[in-house]
Amino acid sequence: MRAVWIFAILGLGVVLLAIRRPKSQASMDGPEPDVSERVNIDSFPYEFGRNLSNDTCPYCGIQFAKPPIRSRKCPGCKNRVERVSVGGGQKALVTMAESEKYWAARAAEFSRRMRENNLRLFQNTKERARYIGSRAYIWQSAGDSSVCAICAQNNGKTFSWNQAPEHGHAGTCDACTEGYCRCWCEVIFSD
Ligand SMILES: [Zn+2]
Ligand SMILES: [Zn+2]
Ligand SMILES: [Zn+2]
């Protein structure tokens, strides 16, 4: 009977610890963030516009005894065949032209999702920072050679949460050549 009580008290302790554990940066109080910095592209929907197969050549239609794992020359027509993910855990053999279009569309979709995510992230950071009395932030760039000219110019400078510079706030710059901005806001408490 005593053992049961000891286990019950230990169990309660674990539950309380789990409840008390901070969900994110402990220093940032206020509204809870509803954003993730990770963008998942696994479920990317793409229409090839034809019936796909995982074991026949997309050029000449011969069946592979052993389908390629990634890319391979067709033993029949000698064209290069590529194997791509088509969603739902399915793979398909496609032509090089189809593969190029697919990867371009996938990259564009990834950039679009990153921009969307970054905008939410910025708005959330702004909301939480203002809640704890911040009026401005320092623009921090990724600091590598891919940073665009606008972001490089804004790097290290102070911006008001309420006044966006010409190409947008840190993390939402619309001039980034990569398709999305990788900069972030360092929250400060004096402007
Ligand atoms: Zn072939
Ligand atoms: Zn930029
Ligand atoms: Zn940037």
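Is W139 buried or exposed? Select W139 and look around it. W139 is buried, because 21 other C-beta atoms lie within 10 Å. The scale is this: buried takes 20 or more other C-beta atoms within 10 Å of the residue's own, exposed takes 12 or fewer, and partly exposed falls in between, with C-beta atoms placed from the backbone.

**Before you go on**

This is a predicted model, in which local features need pLDDT of at least 70, side-chain atom pairs count only at pLDDT 80 or more, and totals for chains, interfaces and linings use all residues. Residues are numbered from 1 along each chain as its sequence is written, while chains are lettered from A and ligands numbered from 1 in the order in which they are written.

**The whole protein**

Zoom out and show the cartoon. The protein has three helices and six strands. Both kinds of element are DSSP runs, numbered from the N terminus: helices are H or I with at least four residues, strands are E with at least two. Follow the chain along its sequence and the pattern reads α-β-β-β-α-β-α-β-β. Of the 191 residues, 17% are buried. Now consider contacts, meaning pairs of residues whose C-beta atoms, placed from the backbone, lie within 7 Å. Among contacts with a separation of 6 or more, 55% join residues 24 or more positions apart.

**Stop one: the sheet β1-β2-β3**

Select residues 71–73, 80–85 and 91–95. These are β1, β2 and β3. The three strands form an open sheet in the order β1-β2-β3, with antiparallel pairing. β1 and β3 stand at the edges with a single partner strand each, so one side of each has no neighbour in the sheet. From one strand to the next, the twist averages 30 degrees. Angles here run from 0 to 180 degrees between N-to-C directions, and axes are lines fitted to C-alpha atoms, for helices over the stretch in contact.

Strands count as paired if DSSP finds at least two bridges between them. β1 and β2 have three bridges. Pick R72 and find V81 opposite in β2. β2 and β3 are joined by five bridges. Here R83 stands opposite L93 in β3. Next, trace the turn: β2 and β3 form a hairpin with five residues between them. Click G87 in that turn, where phi is positive at about 90 degrees.

**Stop two: helix α2**

Select residues 96–131. This is helix α2, which packs on the sheet and touches β2 and β3. The direction of α2 makes about 115 degrees with that of β3. Within α2, click R112. R112 counts as partly exposed because it has 13 C-beta neighbours inside 10 Å. Add Y180 to the selection: R112 and Y180 are 68 residues apart in sequence, yet 7.6 Å apart in space, C-alpha to C-alpha.

**Stop three: the sheet β5-β4-β6**

Select residues 136–140, 158–160 and 184–188. The first range is β4; the others are β5 and β6. They form an open sheet of three strands in the order β5-β4-β6, and the pairing is antiparallel. β5 and β6 are the edge strands, each pairing on one side only. The twist averages 40 degrees from one strand to the next.

Five bridges join β4 to β6. Return to W139, which is found in β4. Its bridge partner in β6 is C185. W139 and C185 are 46 residues apart in sequence and 5.3 Å apart in space, C-alpha to C-alpha. Q140 has W184 as its bridge partner in β6.

Show the side chains of β6. In a regular strand, side chains alternate between the two faces of the sheet. In β6, C185 and V187 point to one face and are buried. W184, E186 and I188 point to the other face and are not buried.

**Last stop: the cores**

A nonpolar core is a set of buried Ala, Val, Leu, Ile, Met, Phe, Trp, Tyr and Cys residues joined through C-beta atoms within 7 Å. Which residues have the most contacts inside the largest core? Select Y137, C151, C181 and C183: these are the ones, in a core of 17 residues. Elements giving two or more residues to this core are α2, β4 and β6. The largest share, four residues, comes from α2.

Center on C183. Leaving out residues up to four places away in sequence, C183 touches several residues, including W139, C151, A170 and C173. Finish at a second, separate core of five residues, which includes C57, A92, L93 and V94.

Terms used:
Contact = placed C-beta atoms within 7 Å.
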